[in-house]
Each structure stands twice: as structure tokens, then as C-alpha cells.
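Reader: I'm new to this structure, so could you walk me through one part of it? I'd like a close look at the salt bridges, please.

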Amino acid sequence: MKNKILSLIAFLALFSNLAFCEVISGKIHHDDINYQNKVVDSRTQQGLEGAKVSIPDINFTTYCDENGYFQLNADVNKKTVLFVEKDGYKVFSLTIDNNVISSPLKIGIEKMNPFDLQISDGLIHLGDNMFSQNSANSSQFRLSASGSYFVKEFKKPKCSSKQDVVLKIGSLIGLDTKKAKLIGQNRIAKVYSAPSEVLVNGHKIAKLELNGDNIEITIPKSVLKENNELLIQSGRNLFQTSYVDYDDIELANISVEIKDKTRYAKY
Ligand SMILES: [Ca+2]
């Protein structure tokens with residue numbers, strides 16, 4: 001009898017565990033192949049509880065568990081942008097597709113610096129919504145184009161002579177330039193677009209020719225004033241002469257940051 005009671009208790013304990021698992025659906029199960037996706041503090045490598053992971057293009061949002069783990073049960077058959085957000089940290093973005101997310105992701109995010117200026121945190125679509133299915137993005141852009149250019153004002157940040165003012169573009173997708181075509185970022189047979197251009201106070205500071213993440217562009221101090229205007233202009237399709245066809249691109253997570261001169265990768 002005692003044995004029977006014990007096994008009944010064991011059975012009930014097992015059953016209540018199962019029932020508990022049902023209730024907390026969405027929590028990470030250790031046998032899940034996605035179990036190892038993790039968001040950590042880039043300096044301490046500690047998992048970050050509650051960090052938000054989202055893929056706006058497919059309306060996917062999830063949050064990290066108490067150890068920083070998250071599940072990514074999403075189908076991303078075309079390149080798009082994944083965002084990670086957490087209070088007190090810089091917004092992080094990463095270009096992904098099913099190939100990228102087929103292996104576990106470990107994402108380190110950085111604490112915000114008080115002098116960093118977030119210029120935009122979501123996705124910005126520039127162009128005219130006319131694009132080839134084979135373009136470097138090739139997905140149906142979920143956002144409609146807000147025009148062929150993006151403009152934003154920003155105050156001059158404080159920085160020492162050992163530091164640079166850097167414009168950072170978290171992610172850039174959809175560029176159909178000659179260079180992007182040469183390295184296989186799109187499958188368009190013949191045509192290509194002029195590079196997109198980045199201007200500060202009317203001075204051209206960079207040409208954007210390749211898609212990618214963490215594009216860092218030095219803003220020459222000589223062009224900076226107290227109040228500044230950033231302009232990003234999408235390039236024209238160089239093979240379309242009967243009308244103007246702007247390259248349809250998406251930019252994510254633009255910021256102006258202060259960096260030690262030796263400690264960042266210039267674009
Ligand atoms: Ca276009």
C-alpha cells in the first residue's frame with residue numbers, strides 16, 4: 001500500500017510537472033534545437049533577461065528568459081533585419097535569413113553611452129517601391145518607401161581630440177549597386193544602381209555600395225556644426241532612362257556615436 005501511495009505521488013508529481021510545462025508554453029525547452037540562441041552583455045558575457053528580439057518584416061517578437069536564451073521559431077526565407085532591444089543598451093540589428101538562423105545565435109549587445117544619439121531605431125525603406133524580385137533584398141518590403149531620401153537633424157556630440165564622431169548604420173539591405181552585384185549580393189542579370197550617398201550638412205561623407213551590418217562612417221569634424229543635418233539619398237537605377245527608378249533599400253538602427261579613433265572599423 002505504501003508503495004502504491006509513493007508511486008501515485010510520483011505519478012502526480014510527474015503529471016503536475018507536465019501540466020506546469022503546458023502552462024508556461026513559450027518558455028525555452030532544453031531539447032529544442034533553438035535553445036542555444038542567446039543575448040548577452042558584450043562585456044560581461046552575462047545572459048540578459050527580458051531582452052526583446054524582433055523581426056519586424058514578419059511580425060515576430062519574443063523575449064529572452066532569465067538566462068538570456070530565446071527561441072527563434074521563425075521562417076525567414078528572404079534577407080531581413082533582426083533587432084535586439086534592452087533598456088540601457090544600444091539597439092542591435094543583424095541581417096538574417098534561414099541560413100543565418102540555422103545555427104545558434106549568440107548576440108552580444110553593448111551598454112548605451114550617454115553621448116550616443118539614436119537617429120532611428122526601426123526600419124526605414126527608401127526608394128519608390130519599384131524593385132526587381134532578384135534585388136539584394138528581394139523580399140516584398142513590408143514598409144512602403146518613405147521617399148528616395150532620409151533626412152534627420154542632430155546636435156553635435158561632445159568628443160575629445162582622440163575620438164571620432166561616427167555615423168553607424170546597424171543594417172543595410174537591398175542595395176543593387178555594381179559592387180553588390182559583383183560580390184553576389186543580388187541576382188539581377190544586367191542592371192545596377194548608383195551607390196546611395198550619405199551627406200552631412202551638404203558634404204558627401206560616404207557612398208554606400210555594399211549591404212551589411214554595423215557600417216561605421218567617420219563624420220569629419222570640419223563639417224560638423226552645433227546643429228547638423230544628416231541626409232541619406234538612395235541611388236538611381238543607371239539603366240532606366242525613361243523614368244527615374246530609385247534603388248529600394250532598407251536601413252535599420254542609425255546612430256551617431258563617439259568612438260576612440262583606433263577602436264572601430266571604418267567603412
Ligand atoms: Ca526602385
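Author: Sure, let's start with the count: there are eleven salt bridges here, a salt bridge being a side-chain nitrogen of Lys or Arg within 4 Å of a carboxyl oxygen of Asp or Glu. Before we go on, this is a predicted model, where local features need pLDDT of at least 70 and side-chain atom pairs count only at pLDDT 80 or more, while totals for chains, interfaces and linings use all residues. Residues are numbered from 1 along each chain as its sequence is written, and side-chain values use heavy atoms, with hydrogens and water left out.

Now find Glu 257, which pairs with Lys 168 with 3.6 Å between the closest N and O atoms. That pair ties together distant parts of the chain, since Glu 257 sits in strand S14 (residues 249–260) and Lys 168 in strand S9, 89 residues apart. Strands here are DSSP runs of E, at least two residues long, numbered from the N terminus. Glu 257 is buried at 3% relative accessibility, and Lys 168 is buried too, at 10%; buried means under 20% relative accessible area, exposed over 50%, and partly exposed in between, using a 1.4 Å probe and protein chains only.

Glu 257 also has a salt bridge to Lys 259, at 3.3 Å from N to O, and both of these residues are buried. Step back a little and you'll find a network of salt bridges linking Lys 90, Glu 110, Asp 116, Lys 168, Glu 216, Glu 257 and Lys 259.

Elsewhere, Asp 97 and Lys 79 meet in a salt bridge of 3.2 Å, N to O. Asp 97 is buried at 14% relative accessibility, whereas Lys 79 is partly exposed at 37%.

Methods:
Helix = DSSP H or I, 4+ residues; strand = E, 2+ residues; numbered from the N terminus.
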